[in-house]
Amino acid sequence: MLPRVADSLSFLYLDIVRIVQDDTGVCAEVTVPERGTELVYLPTAALSCVLLGPGTSITSRALATFARHGTTVIATGSGGVRCYAGIVPDSMSTTWLEHQARSWADDTRRAAVATAMYEQRFGTGEAPAGATIAQLRGLEGQRVKAHYRLLAQQYRIGRFRRAYDPASWDTQDPVNLALSSANTCLYGIVHAAIVALGCSPALGFVHSGNQQAFVYDVADLYKAELTIPLAFSLHNSTHPEQEARRSFRDGLRLFQLLPRIVTDIQRLLAPDADITAPDPNEQLVDLWDPISGPIPGGVNYGGAGGL
């Protein structure tokens, strides 16, 4: 049995290596000047996502193995800071995608999910009764700015302004560099969890108009706890991007992030569903019926009133 996504390792960042498939498994060929080429085997079945940095090449056989084991492969910039493209595995079930699509397509249910996300971030009952999505966006912006001010005072770094400008990357302060780096790693982990559940990364409830909209929605649930404090703690770092990535990776086991992501997505999309039920990926493909709902596939219905 392959590990469930909730039990997987978080992510692995690689650069300046060649990833190949041999008779044993998937390995990274690392060239060391003093020792030549060394092989480092990757635990593909236990990885949720792999971030491929500059100077990385990968064979089609290795990609196929990642896809078969449910590992998301993402091409990133140096240090895993920018995400360029992703290759995601096929999911075996649409159970949670159907929950997501129904909630997303109904304006009332979509607003309810957005409100639940807000309350998960800032506390139950913090969303004013009858608040519109625009009002929630305004309140969220105020809360995040207040969090920035508090951390800036704590670390005595003066006024802080969040900035993300790839065109002038090297001129940004260490906090912004560390925050962008840690957030990209967080996006990769969230993306892997979403795809493993069979959901669509594009159908967001707060964000919209982007193939990563739902990824941004879910990642926002954890930034105030994980990536923002980490970034401010690196305000004096000379290598904030690398340190943010390593510190974030090392702290994920403590926070048990993947199980939390899976459970939170399920609760948001289907608050009344039994999320402890057996893995729906074991189900066979069903047929849709407008009266009966899903009916078993793989059955010959030629003698059951068909034309």
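**Exercise 1. The aromatic cluster**

Find out which residues are linked by ring pairs into a cluster in this predicted model, and describe each pair.

*Solution.* Start with the members: ring pairs join Tyr148, Phe160 and Phe232 into a cluster. As background, the structure has 6 aromatic pairs.

Step 1: take Tyr148 with Phe232. Their ring centres are 6.2 Å apart and the planes make an angle of 35°, a tilted pair. This pair connects distant parts of the chain, since Tyr148 belongs to helix α4 (residues 133-155) and Phe232 to helix α7 (residues 227-233), 84 residues apart.

Step 2: take Phe160 with Phe232. The centres are 4.9 Å apart and the planes stand at 65°, so this pair is edge-to-face; the cut-off to apply is an angle over 60 degrees. Here too distant parts of the chain are linked: Phe160 sits in the loop between α4 and α5 (174-196), Phe232 in helix α7, and 72 residues separate them.

Step 3: check the burial of the members. Phe232 has a relative accessibility of 0% and therefore counts as buried. Phe160, at 13%, counts as buried as well, and Tyr148 is also buried.

**Exercise 2. A charge over a ring**

Look at Tyr13 and work out which residue lies over its face.

*Solution.* Go to the ring centre of Tyr13 and look along the face: Arg245 lies over it, at 4.2 Å from that centre.

**Exercise 3. Two parallel strands and their cover**

Determine in which sense β5 and β7 pair, and how many residues of β5 are buried.

*Solution.* Step 1: begin with the pairing. Strand β5 (residues 47-52) runs parallel to β7, with 4 bridges between them.

Step 2: place individual partners. Val50 has Val73 of β7 as its bridge partner, and Leu51 has Ile74 of β7.

Step 3: turn to burial. In β5, 6 of its 6 residues are buried, which leaves the strand mostly covered. Strand β7 (residues 72-76) has 4 of its 5 residues buried, so the rest of the structure largely encloses it.

**Exercise 4. An open sheet**

Write down the strand order of the open sheet formed by 4 strands, then say which strands stand at its edges.

*Solution.* Step 1: the order is β4-β3-β2-β6, and the pairing is mixed.

Step 2: the edges are β4 (36-41) and β6 (57-58). Each has a single partner strand, so one side of each lacks a neighbour in the sheet.

Step 3: look at how β6 is held in the order. Strand β2 (residues 18-21) runs parallel to β6, and 2 bridges join them. Within this pair, Ile19 has Ile58 of β6 as its bridge partner.

**Exercise 5. Two residues and their distant neighbours**

For Thr56 and then for Leu258, state where the residue lies, whether it is buried or partly exposed, and what is found around it.

*Solution.* Step 1: Thr56 is in the loop between β5 and β6. Its relative accessible area is 22%, so Thr56 is partly exposed.

Step 2: leaving out residues up to four places away in sequence, Thr56 touches Leu14, Asp15, Ile16, Val17 and Ile19. For Asp15, the C-alpha to C-alpha distance to Thr56 is 5.2 Å, although the two are 41 residues apart in sequence.

Step 3: Leu258 belongs to helix α9 (residues 257-269). With a relative accessible area of 5%, Leu258 is buried. Its C-alpha atom is 7.0 Å from that of Ala193, which is 65 residues away along the chain.

**Exercise 6. Cysteines and the whole protein**

How many disulfides does the structure hold, and what percentage of the protein's residues count as buried?

*Solution.* Step 1: recall the bond in question. A disulfide joins the sulfur atoms of two cysteines covalently. The structure holds 0 disulfides.

Step 2: inspect two cysteines. Cys185 has a relative accessible area of 0% and is buried; Cys199 is buried too, at 6%.

Step 3: step back to the whole protein. Of its 307 residues, 40% count as buried. The protein has 9 helices and 10 strands.

Step 4: finish with contacts and surface. Among contacts with a separation of 6 or more, 60% are between residues 24 or more positions apart. The accessible surface is about 17,000 Å², and carbon and sulfur atoms contribute 53% of that area.

Technical notes:
Residues numbered from 1 in each chain as written. Predicted model: local features only at pLDDT ≥ 70, side-chain atom pairs only at ≥ 80, totals over all residues. Heavy atoms only, no water. Buried < 20%, exposed > 50% of the residue type's maximum accessible area, 1.4 Å probe, protein only. Pairing = 2+ DSSP bridges. Phe/Tyr/Trp six-rings, centres within 6.5 Å; stacked < 30°, edge-to-face > 60°. Lys NZ or Arg CZ within 6 Å of the ring centre and 35° of its normal. Contact = heavy atoms within 4.5 Å. Areas by Shrake-Rupley, 256 points an atom, 1.4 Å probe, with all protein chains shown as cover. Disulfide = S-S within 2.5 Å.
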